[in-house]
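Subject: Structure handover, pockets and cavity

Hi,

Here is the structure I promised to pass on to you. Have a look at it first, and then read on for what turned up when I went through its empty spaces.

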Amino acid sequence: MANSARSTIGHLINGESLTPKDGAFLDVFNPATGEVSSRLAVADTPTLDRAIRAAQDALPGWAATPPITRARIMQQFLNLLHAHRDDIAALVTAEHGKTLPDAGGSLQRGIENVEFACGVPYLLRGDFHENVGSHIDCYNMRQPVGVCAGITPFNFPAMVPLWMYPLAIACGNTFILKPSEKDPSSALFIANLLHEAGLPKGVLNVVNGDKDVVQGLLTDPRIQAISFVGSTAVGKQIYTTGSAHGKRVQAMCGAKNHLVVMPDADITAATNALMGAAFGSAGERCMAISIAVAIGDEVGDKLVAALTPQIKALKVGDGTKPGMDMGPLITREHLAKVTGYLEKGEAEGATLVIDGRTLAPQGNGFFIGGSLFDHLKPEMSVYQEEIFGPVLGIIRVPSFAAALELVNAHPYGNGASIFTNNGQAARTFTSLCNIGMVGINVPIPVPMAFHSFGGWKQSAFGDHAIYGMEGLHFYTKLKTITARWKPADAAEFTMPVLR
């Protein structure tokens, strides 16, 4: 436990900060130094109940608020996010460890979702059909689902919450956010900005804590919808438990993303793409490229030759320092997990071309350098499992058909890319791969906010992808009205037919 003299991070409930003086607390670390930076209050059952009641009490008034009024608050929120970009990025770097430019870039991808939410008056419009039958009109509307909750991961503590609650709130719902306990400060800071923008009390609440808080959100009957981003193991449990308790659930989960390099590809472009996609944010991205699929040994040899000097040259260090390519991993435990995979890969017979353990800065921070495996095989755990660190593996296959089969056989289906100058190969790949998000000469195909983000297979659970129009449909219920103002001529006892 952290020393009680350290700063305490609390909750935001009904528009007010709540910082308990006693109860359970968790340590929050600065991963660049390995030191405890603050302590995080763990919400108990009464605290969680208080947050849910606040959201429930605020719901009727907020749902009845005109969408244009909600959008104007979102616009003010957008302005404040731009004004505080540097402050938010600094909080992300201090607790997560990613470099300041990377933290700023991830925040931008969250801001884009606020921009999308500002258009909610148009997005919520319905359809109207006059005279679908004699003197009968038909129209529809989308209405809020109620009290919603979001459970967000440590790797994008500012971005992922912005993928959830701005759209949910703009649609007329109220929201409870449970940030990652490893880096919660940026989420709290941003939530306070939304209240500064004019959001009524109780519409957005932030409750910090551990798995007991998550379980409370999943089982409480007052919560109607749950959004989750995180590991597959947890996502499955959240989807199963939430659904069993009658909630809508969308769970965006783990990944093992492939980048197929065709013989005609520009090797320099492919190598540059792999460097950023595999080692950006120290590989702690669900859309990171962790597998390069080389079509033929010649392509594999070229990739190893081109990647090796660049990986060794990566600048690894404190993310607040200028010029760093990679910061530390999030915790000492996660560092041990990643290094364990390096040991496991060698034991399984993969060739460890570059060992990131030898490239890590000295000190107490949770650092590791970039690593490169070659000659992976599909049965190896370092190929099958998500490592979530700066480890890139190369697997060699004889043909395009074999590459497509390999990608489709993998249990994850979040993202995949192909690098080629052959339009037919690219078209075939995008059509036949069982993957939710696909890139053509683009290594990380995260969609813009006006599209939607979501994987296939074990990478996502639930019927809706996150944000964009898929997100709007998740956070609203469809209601269809059929109206006739001319009285019926007589009772009808057959199935109604409009004519």
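How do the residues of the lining of the largest pocket divide into nonpolar, polar and charged? There are 26 nonpolar residues, with twelve polar and twelve charged ones making up the rest. Please keep in mind that this is a predicted model.

That pocket has a volume of about 1100 Å³. Its lining takes in 50 residues, and those nearest the centre are Pro 153, Phe 154, Asn 155, Val 229 and Gly 230. Several elements supply at least two lining residues each, among them helix H6 (159–170), helix H8 (211–219), strand S11 (223–229) and helix H12 (332–348). Helix H4 (100–117) is also on that list, and H4 gives the most, with five residues.

On to the second largest pocket, where the volume is about 360 Å³. Here 14 residues form the lining, and Ser 134, Ile 136, Arg 484, Ala 488 and Glu 492 lie nearest the centre. By class, seven of the lining residues are nonpolar, two are polar and five are charged.

Finally, the enclosed space. The count comes to one cavity of 30 Å³ or more, and the largest cavity holds about 110 Å³ of space. It is lined by 15 residues, of which Gly 283, Ala 288, Ser 290, Glu 386 and Phe 388 are the closest to its centre. This lining has eight nonpolar, four polar and three charged residues.

Happy to talk it through whenever suits you.

Best wishes

Terms used: Residues numbered from 1 in each chain as written. Predicted model: local features only at pLDDT ≥ 70, side-chain atom pairs only at ≥ 80, totals over all residues. Heavy atoms only, no water. 1 Å grid on protein atoms, 1.4 Å probe; cavity = no way out; pocket = protein on both sides within 12 Å on 5 of 7 lines; lining within 4 Å. Points joined across faces, edges and corners; volume = space filled by probe spheres on them. Helix = DSSP H or I, 4+ residues; strand = E, 2+ residues; numbered from the N terminus. Nonpolar A, V, L, I, M, F, W, Y, C, P; charged D, E, K, R; others polar.
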